[in-house]
Amino acid sequence: MCVLLTLWATATLHNTDRPFMRSFCVSEAVKGKVNTMNYIGLDELLLSALREDIGTGDITTNCCIPAENRSEAYFLAKEDGVICGIDIAQRVFSLVDERITVIPKRKDGDFVKHGDIIAEVIGPSRGIWTGE
């Protein structure tokens, strides 16, 4: 089973609040608890994925979102399912920008229904969009 998450954020662009929506899938392949994983190996894997995804920078985000913008975003369940990977999502955002705070509203193993809020993400808009 796979739970699709949607990240909603509001960023100020050209003095106008504009909502953004992005979706991604957290696979059931991420099993076990992060606290039992090798953090060094996990960070290497996440940093490798981030390097592949954004290379020397997230060009679209950097061109469209002013550096000073801050956002609040939410992970929303796109379908009914079971949550996994909250700790990994938190780690991704902390690797992208230490100023980003992820506030889990659910924990791994929780059942969710379509539309449930899974986590809130607060911080610099560019970092949030780069991390998602």
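**Exercise 1. Classify Glu120: is Glu120 buried or exposed?**

Solution.
- Glu120 has a relative accessibility of 12%. The cut-off for buried is under 20%. Glu120 is therefore buried.
- This holds for a predicted model.
- Next, place the residue. Glu120 sits in strand S7.
- Now check the strand. Six of the eight residues of S7 are buried, so the rest of the structure largely encloses S7.

**Exercise 2. List what Glu120 touches, leaving out residues up to four places away in sequence.**

Solution.
- One group of contacts is Glu72, Ala73 and Tyr74, which are among the residues Glu120 touches.
- The others include Thr101, Val102, Ile103 and Lys105.
- Compare these with the strands. Strand S3 covers residues 70-77. Strand S5 covers 101-104.

**Exercise 3. Work out how S7 pairs with S3 and with S5.**

Solution.
- Start with S3. S3 and S7 pair in the antiparallel sense, over seven bridges.
- Pick out one position. Ala73 stands opposite Val121 in S7.
- Go on to S5. S5 and S7 also run antiparallel, and four bridges join them.
- Pick out a position here too. Val102 has Val121 in S7 as its bridge partner.
- Put the two positions together. Val121 faces Ala73 and is also the bridge partner of Val102.

**Exercise 4. Analyse the salt bridge between Lys105 and Glu120.**

Solution.
- Begin with the principle. Side chains of opposite charge can pair when their charged atoms come close.
- Check the distance. The closest N and O atoms of Lys105 and Glu120 are 3.7 Å apart. The cut-off is within 4 Å. The pair counts as a salt bridge.
- Locate both ends. Lys105 lies in the loop between strand S5 (101-104) and strand S6 (111-112), while Glu120 is in strand S7 (residues 117-124), so the pair ties together parts 15 residues apart in sequence.
- Classify the ends. Lys105 is partly exposed at 44% relative accessibility. Glu120 is buried at 12%.

**Exercise 5. Analyse two further salt bridges, Arg106 with Asp116 and Arg99 with Asp97.**

Solution.
- Take Arg106 first. Its salt bridge with Asp116 has closest N and O atoms 3.3 Å apart.
- This pair links distant parts of the chain, ten residues apart. Arg106 is in the loop between S5 and S6, and Asp116 is in the loop between S6 and S7.
- Arg106 is partly exposed, with a relative accessible area of 26%.
- Turn to Arg99. The side chains of Arg99 and Asp97 meet in a salt bridge at 2.8 Å, N to O.
- Classify both ends. Arg99 is exposed at 58% relative accessibility. Asp97 is buried at 12%.
- Finish with the total. The model has five salt bridges.

**Exercise 6. Describe the whole chain: how many helices and strands does the protein chain have, and what share of its residues is buried?**

Solution.
- Count the elements. The protein chain has four helices and seven strands.
- Read them in order. The pattern along the sequence is β-β-α-α-β-β-α-β-β-β-α.
- Check burial. The chain has 132 residues, of which 36% count as buried.
- Look at the surface. The protein chain exposes about 8,000 Å², and carbon and sulfur atoms supply 54% of that area.
- Close with the contacts. Take those between residues at least 6 apart in sequence. Of these contacts, 71% join residues at least 24 apart.

Technical notes
Residues are numbered from 1 along each chain as its sequence is written. This is a predicted model: local features need pLDDT of at least 70, side-chain atom pairs count only at pLDDT 80 or more; totals for chains, interfaces and linings use all residues. Side-chain values use heavy atoms; hydrogens and water are left out. Buried means under 20% relative accessible area, exposed over 50%, partly exposed in between (1.4 Å probe, protein chains only). Helices (H or I, at least four residues) and strands (E, at least two) are DSSP runs, numbered from the N terminus. Contact means heavy atoms within 4.5 Å. Accessible areas come from the Shrake-Rupley method with a 1.4 Å probe; for residues, only the protein chains shown count as cover. Two strands pair if DSSP finds at least two bridges between them.
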